[in-house]
Amino acid sequence: MEKTFDLIVIGAGPGGYVAAIKAAKLGLSTAVIEYREVGGTCLNRGCIPTKAMLHAADLYKEIKESERFGIFAEKVSFDYSKIVEYKEETCSKLREGILSLLKANGVAMITGKAILEKDKTITVFHNNEVKTYRAHSIILATGAVPSKIPVKGCQLDGVLNSEDLFLLKEVPKSLVIVGGGVIGVEMAKVFSSLHTKITMIEAAPRLISNFDKEIAQSLKMTLKKQGVEVYTSSLMKNIEKEKDGFLCSFEENGENKEVSAQYVLFAVGREPNTHGLFGEGVTIEMAGKKVAVDDGFETSLKGVYAIGDLSSDIQLAHNAIAQGIQLAHRLGGGNTTEDLSVIPSCIYTNPEIASVGITEEEAKKKEISVKVGKFIMGGNSKTLISKDERGFIKVITHGESGIILGAQLMCARATDMVGEFVTAITNKLTVDDMLKTVRPHPTYNEAITEALEEVEGQGIHVLPKRKR
Ligand code: FAD
């Protein structure tokens, strides 16, 4: 037996490493075990690399289109290997930062594959060495891995998941993306900007099906405008190897179709990673594929907790982080005020998409009386200055009290602006509370004021209804 800690965290993704640092700050002797890179999916195969690629792709597109601002750039091109290098450099800097934070806070970093054994004991395998540790509390934060669906041919070499896609050394000439969720549409945005011919096949009647209906429809139109071929209500049936790629057979509303592409990407969701996590004789209660936890993140094993993608319905980095901080506070005796029931979702397409709280559709289904304020960004000066894609901000308020219940944004900086609505919903603010704020001019944020005013039809940069 190596050592007994107050807390051992398995997995150094955003949930795990943040929980470990917070616990150490609160005085617990803490270790974190990781068998790949610190930062987990988010930093190495998820949020950060996709956003770096999106940044480069956006910049390329913006420079190419700069003539509309009177700026002329000749022979604009890109070198994909340099884009990958920039992405890697960004991730590497962030990894170094996490490692030094763990060290500076006195968190022991243990490298290896961890197995949870009985009696809060953990075995760690690394380079043919086996070590055993014990802890008073254990947090499982092993995240999720790409899901698979049983389509004939999906195991062929060249049929990729999001992790494989990052390893390509070339920009695909053509790509079929199976799945029109957040990961699928962000990848479509990156590679269509870099001239890949994209075909997207989504089984549901609309893309990003858990977002506002109007946003989903606008996104489909925007993607089509960017040259992406989008098929909804469509099922991938068969993938066959061809000379230069794959022949994909699918069914759109019962009609058989085919498309050829150099690569196929499956972006059909992610499932909790329990692979090899539990030792002999360790049985833990599951909720489907997730590890089951109570309100305090405790599993069916006393003193063993689970957070993040491993145990949550919402698979987002900020959800994992918030859970990690809250749990560390519980174990370390600190106070936390974060409200984990209000979690925003963002998509970094162009325009950006962000959503928090309920949508108009959900309110109708739940028979909640609501008033909706909507402002079209065409009336916002910053949007016109930047010649951004058209978009809107929609705010959903309680019909009687005026309390903010939800907001959906599809516009430039939506992913930053949604923060105002998260604060509002968390603190049960009303439209009047939010209208107390004077927002600076010219900014995108001014459109929040207009959307709030529009709840009562009082927006300034909106034509009165009778004159429209
Ligand atoms: P993970 O980040 O998955 O970390 C788990 C860690 O545990 C991993 O490092 C793994 O190696 C380690 N591990 C697993 N088993 C063991 C073991 N037995 N022993 C030791 N170590 C182990 N979320 C957002 O909020 N915003 C985004 O923009 C966003 N974009 C994304 C884009 C893509 C392409 C993908 C795939 C995901 C994206 N996500 C995004 C989701 C986000 O990455 C996850 O929600 C987040 O990483 C979950 O954090 P976690 O700590 O629960 O798990």
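Start with the centres of domain 2 and domain 3: taken over C-alpha atoms, they sit 30 Å apart. Keep in mind that this is a predicted model. To colour the view, use three selections: domain 1 (3–145 + 271–332), domain 2 (159–268) and domain 3 (351–455). Now show the contact between domain 2 and domain 3, to which domain 2 gives eleven residues and domain 3 gives twelve.

**Stop one: the largest nonpolar core**

Select Ile177, Phe191, Ile208 and Leu223. Out of the 39 residues in the largest nonpolar core, these four touch the most other members. Several elements supply two or more residues to this core, among them α3 (47–64), α4 (80–104), β9 (174–178) and α6 (182–193). Also on that list are β10 (197–201), α7 (213–225) and β15 (263–266).

Zoom in on Phe191 and hide whatever lies within four places of it in sequence. What is left in contact with Phe191? You should find Met53, Tyr80, Leu165, Val171, Pro172, Thr196 and Ile198.

Next, centre on Ile208, in the loop between β10 and α7. Check its backbone: phi is positive, at about 25 degrees, though Ile208 is not a glycine. Most residues other than glycine have a negative phi. Is Ile208 buried or exposed? Ile208 counts as buried because its relative accessibility is 2%, and the cut-off for buried is under 20%.

**Stop two: helix α13**

Move to residues 446–453, which make up helix α13; six of its eight residues are buried. Pick them out as Glu446, Ala447, Ile448, Glu450, Ala451 and Leu452. What do they pack against? Turn on β22 (370–376), α10 (381–385), β23 (392–398), β24 (404–410), α11 (414–426) and α12 (431–435) to see the partners.

Stay on this helix and pick Leu452. With a relative accessibility of 1%, Leu452 counts as buried. Leaving out residues up to four places away in sequence, it touches Val395, Ile404, Val431, Met434, Leu435 and Arg439. Draw a distance from Leu452 to Val395: the two are 57 residues apart along the chain, yet their C-alpha atoms are separated by 6.7 Å.

**Stop three: the second largest pocket**

Switch on a surface and look for the second largest pocket, with about 780 Å³ of space. Of its 22 lining residues, Asp58, Glu62, Asn350, Asp388 and Ala412 are the closest to the centre. Colour the lining by type and you get seven nonpolar, four polar and eleven charged residues. Colour by domain instead, and domain 1 and domain 3 each turn out to supply at least three residues.

**Stop four: backbone oddities**

Asn350, one of the residues closest to the pocket centre, is a handy place to carry on from. The peptide bond from Asn350 to Pro351 is cis, with omega near 0 degrees. Pro351 belongs to the loop between β20 (345–347) and β21 (353–357).

Where is Pro442? Look in the loop between α12 and α13. Its peptide bond from His441 is cis too, with omega near -5 degrees. Most peptide bonds are trans.

Finish on Lys387, in the loop between α10 and β23. Lys387 is not a glycine, but its phi is positive, at about 50 degrees. At 41% relative accessibility, Lys387 counts as partly exposed.

Key:
Residues numbered from 1 in each chain as written. Predicted model: local features only at pLDDT ≥ 70, side-chain atom pairs only at ≥ 80, totals over all residues. Heavy atoms only, no water. Core = buried A, V, L, I, M, F, W, Y, C linked by side-chain atoms within 4.5 Å. Buried < 20%, exposed > 50% of the residue type's maximum accessible area, 1.4 Å probe, protein only. Helix = DSSP H or I, 4+ residues; strand = E, 2+ residues; numbered from the N terminus. Contact = heavy atoms within 4.5 Å. 1 Å grid on protein atoms, 1.4 Å probe; cavity = no way out; pocket = protein on both sides within 12 Å on 5 of 7 lines; lining within 4 Å. Points joined across faces, edges and corners; volume = space filled by probe spheres on them. Nonpolar A, V, L, I, M, F, W, Y, C, P; charged D, E, K, R; others polar. Domains from an automatic or database assignment.
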